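I wanted to learn how a chain is put together by going from its overall form down to single strands. These are my notes from that reading.

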Number of protein chains: 2
Amino acid sequence: MSRFWSELARGLEPYVPGEQPKVADLIKLNTNENPYPPSPKVMAAIDGFDLENLKLYPDPNCDSLKQALADYHQVERKQVFVGNGSDEVLGLSFLAFFKQAKPLLFPDITYSFYPVYCKLFEIDYQQPPLNEAFEIDLQAYPTDNGGIIFPNPNAPTGRLLGLNEISTLLERNRDSVVIVDEAYIDFGGESAIKLVNQYPNLLVVQTFSKSRSLAGSRVGFAIGDAELIEGLERVKNSFNSYPLDMLALTAGVAAIEDKTYFESSRQKIIDSREWLVAELEKLGFDTVPSATNFVFSRHPKHDAEVIFKELRKRKIIVRYFSKPRIDQYLRITIGTQQEVEALVVALKEILGAAKKTKSSNVSTRIAETLV
Amino acid sequence: MSRFWSELARGLEPYVPGEQPKVADLIKLNTNENPYPPSPKVMAAIDGFDLENLKLYPDPNCDSLKQALADYHQVERKQVFVGNGSDEVLGLSFLAFFKQAKPLLFPDITYSFYPVYCKLFEIDYQQPPLNEAFEIDLQAYPTDNGGIIFPNPNAPTGRLLGLNEISTLLERNRDSVVIVDEAYIDFGGESAIKLVNQYPNLLVVQTFSKSRSLAGSRVGFAIGDAELIEGLERVKNSFNSYPLDMLALTAGVAAIEDKTYFESSRQKIIDSREWLVAELEKLGFDTVPSATNFVFSRHPKHDAEVIFKELRKRKIIVRYFSKPRIDQYLRITIGTQQEVEALVVALKEILGAAKKTKSSNVSTRIAETLV
């Protein structure tokens, strides 16, 4: 703490992103990245970009990318906002729509950046709990609120809400903005983008970091009523005029245009997910139904943190959250088929070792930590 | 205005960046970009980057770029903060340091983004006026403040303060953060970075958009006491964990490492500036002494807005601010030598046409607008 920090800065509890280890040969299943590279058309577009142009500012309005997204999602360009990853889009949205007298609502178990934005922008919030099956119960959300946000599918649970449930919420919640954060929607859900023309208070946020294999390029976007987008533009143009650089814009346009590659890589991930879920079940894990590129899974007889540490020793990194209600779960990103197979081999070894040492009562280091 | 915007969003007056026209064959002297391309080493580094890695998140800590900047400026890595252009660095700094009970101080004529950040983050401010020669008079800044920020050299005037004046300010202003915004320092000034180890409340902000020819990559940074940097990191990690994408990081490191190219391109710009200033003087312009890659110039007998429009007709774009005290000035970016020569030819034509029509009293369209 420095005396030069603002009181606001002193009170912050920053978001902690998943680790980006600088070690080789890791199987990295901790940050929900796509295991497959970006579309070859993305590579070709970047290779074809005249790098001399980097001397100029990018288009502050990002028209090329907005147009590509508008065409893809069949909306108007003025219904599209783009930003430096969906995190920036979300942050700016909190300022534009959620800085209200009434509290913002989001689930108790959800993307852990939401309360961080609230602290930063001094927004009051309430967290209606997920039910026991880790489902968001939108019926329990009071309409007397300053806004509602939830991921669909939710993170880190992976559970999906149907569009009918979202419509039902929007029918009764007309006076505040509802943001559906669809970072993972392409792995098994139906996007609420098809509802934006019906509900002027609905904003749908997506990212290129997951299904488009472009986490390294930082591209996110929002689609909604043109007036919501205008509000976002006002806030963005009061903070940073050019958040997307030229190469990110170039990559984004090429990625959205390659539908064939997109369909094939997301299908591979869905297939590996289904395979992994079945294998985990054989090992005795309970897995929350997932519509994402990760699974949220627990073993009734083995401590999650111990498994997490044992996997790490074997150079496999998954994510573990030491938080109430979910501290017995692991969040495992779906890697390539080879990677999830290696994970299953390692889990068999870890669980087997634990059983053996338990039954033979030999006190090894592993056994101790596994109790 | 939408009923869904927050009260804050309604009250904003967003920054208006210089135009990025999508027309070919323009001579673009309006946004202080570098007319020379980035270093060939930047191009080589991007070409050599394995684009498959874009599937992964970038390093949220940007260690490679911080280290390159630390080495270059002879400070420790923990004294370096990097962001998505210096605009983002400044925005985050306002939240980290200037959100105080007392007002922030900055000049009345300066970078027009400062009051925009203040609106966005609800920061009170005062604007001590530049003197008649457009100099910042730091002696006139009261120490009872919530912070001080000024560009050095100042924009859009181009005037430079010496380090002795900045030291004098820092000697008496010990209780609030002083930010020196050095976007243009490489074109003729001495950086205050050499003072950061002496003054724990000094933060120096720079950009890769001007002297490094990387406006299209969005890279900015700040150097100061490690505690100030930690405060900035807290705010950044409460807003957007990964504001710099992988290719921007790659470009930034390569740019900072190529000292030879940097020296040669900035010298070319300085030479063209001195040439242009002399030519403008011959044409009767008064030019504020510039230590930047632009000049701020007025003609005592010709209206600035008219010259601006006439230049535009000739496909030369400069910047005109319709604001008190400076509405008779043009801000002209230093282009290539060829571009500034074309500008001088156009100005001769515009001024000559005006004189001729005036003396012969023939009412042409140009003459009308030039009165």
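**Notebook: chain A as a whole, then two strands**

I began with contacts in this predicted model, and found that in chain A, among contacts with a separation of 6 or more, 72% join residues 24 or more positions apart.

I then looked up the secondary structure of chain A, which comes to 12 helices and 13 strands. For the outer dimensions, I noted that the C-alpha atoms of chain A fill a box of roughly 65 × 50 × 50 Å along the principal axes. I also checked the radius of gyration: chain A has 22 Å, which agrees with a compact globule, because one of 371 residues would have a value near 21 Å. Of these 371 residues, I found that 56% count as buried.

**Entry on strand E5 of chain A**

Next I turned to strand E5(A), residues 147–151, and asked how many of its five residues are buried. I found that five of the five are, so I wrote the strand down as mostly covered, taking a residue as buried if 20 or more other C-beta atoms lie within 10 Å of its own C-beta. I reminded myself that side chains in a regular strand alternate between the two faces of the sheet. In E5(A), Gly147(A), Ile149(A) and Pro151(A) lie on one side, Ile148(A) and Phe150(A) lie on the other, and both faces are covered.

I then followed the neighbours of E5(A). Strand E3(A), residues 104–105, runs parallel to E5(A) and is joined to it by two bridges, with Leu104(A) standing opposite Gly147(A). Strand E6(A), residues 178–181, also pairs with E5(A) in the parallel sense, over four bridges, and here Pro151(A) stands opposite Asp181(A). I added that E5(A), helix H6(A) (residues 163–172) and E6(A) make a right-handed β-α-β unit.

**Entry on strand E7 of chain B**

In chain B I picked strand E7(B), residues 202–207, and noted that six of its six residues are buried. One side holds Leu202(B), Val204(B) and Gln206(B), while the other holds Leu203(B), Val205(B) and Thr207(B), and both of these faces are covered.

Which way do the partners of E7(B) run, parallel or antiparallel? I found that strand E6(B), residues 178–181, runs parallel to E7(B) and is joined to it by four bridges, one pair being Asp181(B) with Val205(B). Strand E8(B), residues 220–224, pairs with E7(B) in the antiparallel sense over five bridges, and there I noted Gly224(B) as the bridge partner of Leu203(B).

Key:
Residues numbered from 1 in each chain as written. Chains lettered and ligands numbered in written order. Predicted model: local features only at pLDDT ≥ 70, side-chain atom pairs only at ≥ 80, totals over all residues. Rg over C-alpha atoms; globule rule 2.2 N^0.38 Å. Buried ≥ 20, exposed ≤ 12 C-beta atoms within 10 Å, placed from the backbone. Contact = placed C-beta atoms within 7 Å. Pairing = 2+ DSSP bridges. Right-handed = clockwise from strand over helix to strand, strands pointing away.
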